[in-house]
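Work through the two exercises below with the sequence and the model at hand, and try each task before reading its solution.

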Amino acid sequence: MDLSNYQCKGLYDEMFQEDGICRAHYHPFEKLLRKTHPKKLKQLQFSANKSQLAMGMTFNVYHNEEGLEKILHLDVIPRIIPNAEWLQLEAGLKQRINALNHFIQDIYNDQNILNDGIVPRDLIENSKDFLKPCMGLTPPKGIWCHITGTDLIRDKSGEYFVLEDNLRCPSGVSYMLESREIIKRAFPNILNKTGVMPVSNYPTRLLEMLKNLSVKDKPVVGVLTPGIYNSAYFEHSYLALQMGAELVTGEDLIVRDKKVYMQTTQGFEQIDVIYRRIDDTFLDPEAFNPDSLLGVPGIFEAYRAGNIALANAPGTGVADDKAVYAYVPDIIKYYLNETPILNNVPTYLCRKPDDRQYVLDHIEDLVVKETNAAGGYGMLIGPKSTPEEHEKFRNLIKTNPDNYIAQPTLNLSTVPTLVDDSVECRHVDLRPYVLYGEEIDVVPGALSRVALKKGSLVVNSSQGGGSKDTWVLY
């Protein structure tokens, strides 16, 4: 493979320096890449695609009228992170999760951070994700955010920034695990030579964390899924299988005497811990959304009574709000008395008059997001949008300013990506996974999402993005 024409001028590339010299941690893979014929790489890519289909690694895009299941395209060229870089990310993520857990516990109990005016009270209390039934609640072991998938990006200077905190039901970890198996088959010897840290024990670590939430010696653990039509059903079934846990839907569960039971072929069996993959408000129609057909009536009362543990805890979504995100540096300083290790992307809150006016005046240069949207929906990328789209979002902001934030358009870092017979640079982000059990545990790997369209900054799978195996080095 000829890499002499590979260029990403003005951007931070993960593999090559601006002068075209390969970064030290990529040397072993660069050597392999230069020795591999383009046709061989195409064959490996074809095999990777077929493997994903054979494994059932598919997802459904809700807004796709064709209704077809698709694979999350796995590019065979990995993203590699050196150990020193990873240690800084690990420390920053642990700090952030610790502070956010303190924050959620506080706002559902003493509300000191609101009383002290660090975070505006109306921002929290008017949020649709602030669940009043959770007031006065302390979850098992005092842990709210057991599983987190934090989205990170890197700007043109090479600095990492936190883009989003995904604290409700973060998805994608199954793709991280299965992608590693596929790439190991494509390049069977290079991982050991390069010194790549394993991720295959994630299901074991996840199961141990879930068991830690129960006081029983041998708790029964289940994965609660909305069902086969959910876009992430592959992941729900995959994780349940890998953990040896029960895969259940709301219809499989019943609450009696504030205890949760699942229906089995041998009758009812009590379940002790549930890894829920259902949004907070759909969890219990008696406590939250009365129209929910996905949840379990009475499960929240069983939770409050201490007879069932839920991960993540109901109510965590309030810290996922993109407007609350802007206050996370203050949250870290308030609870930990520390300076944030990982910075936020500078954020304009349209609820603030001065910020709103700036956004309206400079919308062509900014990324505008709905505070509660996800998956790349409800978003405007100013430099890539038309004047008509700019005007539409100006009107949306004026009508409901609390519902929008804006950020500068950052040029995400790039990584070499196979495009037909050549290698080209494509923008990429990083989603590491964090487990919070007896301690905070950052898994030494991640889902790297890549924008497959040339020049695109949107990496979301629902918007046509792909993925890469992420190698963290010893």
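**Exercise 1.** Determine which residues T225 touches, leaving out residues up to four places away in sequence.

*Solution.* Taking contact as heavy atoms within 4.5 Å, T225 touches Y233, H236, L247, V248, T249, G250 and I278. The model is predicted, so local features need pLDDT of at least 70 and side-chain atom pairs count only at pLDDT 80 or more, whereas totals for chains, interfaces and linings use all residues. Residues are numbered from 1 along each chain as its sequence is written, and side-chain values use heavy atoms, with hydrogens and water left out.

Next, place the residue: T225 is in the loop between β7 (221–224) and α9 (233–243), where helices (H or I, at least four residues) and strands (E, at least two) are DSSP runs numbered from the N terminus. Its relative accessibility is 2%, so T225 counts as buried (under 20% relative accessible area; exposed is over 50%, partly exposed in between; 1.4 Å probe, protein chains only).

Finally, the side chains of T225 and H236 are joined by a polar contact of 2.8 Å, that is, a pair of N or O atoms within 3.5 Å, of which, within protein, one must be able to donate a hydrogen and the other to accept it, while residues adjacent in sequence count only if both atoms are side-chain atoms.

**Exercise 2.** Find which cysteines form a disulfide.

*Solution.* With a disulfide defined as a pair of cysteine sulfur atoms within 2.5 Å, C8 and C425 qualify, their sulfur atoms being 2.3 Å apart. C8 lies in the segment before α1 (27–35) and C425 in strand β20 (residues 422–427), so the pair ties together parts 417 residues apart in sequence. Both C8 and C425 are buried.
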